[in-house]
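Work through the exercises below with the model open. Each task is followed by a solution in steps.

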Amino acid sequence: MAVLIKGGKVYTIANGILECGDVLIEDGKIIEVAAQIAEKDGMQVIDATGKHVMPGLIDSHSHISLFGDPQIWATSDGNEMTHWNTAQLRGSDALNPDDPAIAEVVQAGVTCVYTGPGSANIIGGTGFVMKLRGKTADEMIIPGTEGMKMALGENPKRVYGEGKKQFPATRMGNAAALREALVAAQNYQKKIEQAQKEDKPLPDRDLKLEALVRVLNRELPARIHAHRADDILTAIRISEEFGLDYVIEHCTEGYKIADILSEKKVRATIGPLLMGHSKHELWNVTLENPGLLAKAGVTVAIQTDTSSGTKWLPVHVGLAIREGMDVEAAFRSVTLTPAEIIGVADRMGSLEAGKDADIAIFDGFPFSNMTHCEMVFIDGEVIYERKCG
């Protein structure tokens, strides 16, 4: 059945705002977005008068369904803290479709996340993009959206140097470990190519090196956790050495080097913005960071990093606007920009004909604390509807 969302303030993201517009969806897709679409027999009409209609929110860096709720050892499957290089891990093998956090996050208007392993290891394994609906991992995951989690800074130092009294224990060690793993993957690839050229038996399969070869070949982006400015620059330096397709995750002190990040056309997922000073590399966190980076020309998405805490994504965006982020850039930071970063902009992130019908309807400005999300569609199906009273 066709569904017509009628008379709302429509944030198309890609083509401006319709102060009073309609959105027609059918068979899981957006059919038309216009100032006025004629009603036809058989249509379900949703009166959005006085409401705000926008694409479903996208969090480009989360751990939902891997660090389950409640976050206890039994549900915490996001960090395999047994070796600093666990590139062979696939976050999809830890996805829990029954994670109670998912329903809470959908109720905030979030329809899609990139989720994956945590940052305990230098190389943590692959994350993926998933829609927040479905009963199985295969239903939820969007194929071809994997990325390789990497981490610099305090977390690997603390887990391995301080906790296990082993390598890597310093920032030098972190960088050396990452280079060591990438060089090993280069050598593995050369052995395979040489064997194929000489028609000789291939070397024994190595799942860890196979995964890193995909990173070297830019088939998988490197999603590099880095808070401090020097760690961010180390991530860029190594990425350039090996020709990686990379994204900087958190980028907490990015504002200190905004000109460099802009010049290098860095893509960054910023947040969570409500971090306290729980460790040294977070001492200089500021709510102004996403606005300052966006104004400098850096590609910025806002992320929450957490599991059920992803429901506070609209709050983070509202705070970024309060602290100087341009409103249009803020809307893009949780819609089209993250869709571009995670490789799904062809099907979500804006209200355009042909895209997935992932839509959130709010009863006020979407990023105000006074606002409720009233209805959420994913692939044209109503996944959540707020019940009053």
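**Exercise 1. Find what the buried residues of helix 6 pack against, then check the helix length.**

Step 1. The buried residues of helix 6 pack against helix 4 (171-197), helix 5 (207-216), strand 10 (222-226), strand 11 (246-250) and helix 7 (258-263). Helices (H or I, at least four residues) and strands (E, at least two) are DSSP runs, numbered from the N terminus; contact means heavy atoms within 4.5 Å. This is a predicted model, in which local features need pLDDT of at least 70 and side-chain atom pairs count only at pLDDT 80 or more, while totals for chains, interfaces and linings use all residues. Residues are numbered from 1 along each chain as its sequence is written, and side-chain values use heavy atoms, with hydrogens and water left out.

Step 2. The residues that count as buried (under 20% relative accessible area, with exposed over 50% and partly exposed in between; 1.4 Å probe, protein chains only) are Ala229, Asp231, Ile232, Thr234, Ala235, Ile236, Ile238, Ser239 and Phe242.

Step 3. The expected span is 1.5 Å times one less than the number of residues. Helix 6 has 14 residues (229-242), so 20 Å is expected, and the end C-alpha atoms are 20 Å apart, which agrees.

Step 4. After helix 6 comes Gly243, with a positive phi near 70°.

**Exercise 2. Describe how strand 2 meets strand 3.**

Step 1. Strand 2 (residues 17-26) and strand 3 (residues 29-34) pair in the antiparallel sense, over five bridges; pairing requires that DSSP finds at least two bridges between the strands.

Step 2. One of the partners to locate is Val33 in strand 3, bridged to Val23.

Step 3. Two residues separate the strands, which form a hairpin, and Asp27 in the turn has a positive phi of about 55°.

**Exercise 3. Place Leu313 and Thr337 and list their contacts.**

Step 1. Leu313 is found in helix 9 (residues 313-322) and is buried, at a relative accessible area of 0%.

Step 2. Apart from neighbours within four places in sequence, Leu313 is in contact with Leu57, Ile58, Asp59, Val110, Ile302, Gln303, Thr304 and Val334. Val334 is 21 residues from Leu313 in sequence, and their C-alpha atoms are 8.3 Å apart.

Step 3. Thr337 lies in helix 11 (residues 336-341) and counts as buried because its relative accessibility is 7%. Not counting residues up to four places away in sequence, Thr337 touches Thr299, Val300, Ala301 and Arg332.

**Exercise 4. Characterise the largest cavity and the largest pocket.**

Step 1. On a 1 Å grid over the protein atoms alone, a cavity is a set of points where a 1.4 Å probe fits but cannot get out, and a pocket is an open set with protein on both sides within 12 Å along at least five of seven lines; lining residues have an atom within 4 Å of a point. Points are joined across faces, edges and corners, and a volume is the space filled by probe spheres set on them.

Step 2. There are three cavities of 30 Å³ or more, and the largest has a volume of about 70 Å³. Its lining includes His61, Tyr114, Lys149, Arg223 and Glu249.

Step 3. The largest pocket holds about 450 Å³. Of its 26 lining residues, His63, Asn79, Ser119, Asn155 and Asp305 are closest to the centre. Helix 3 (residues 154-162) gives the largest share of this lining, three residues.
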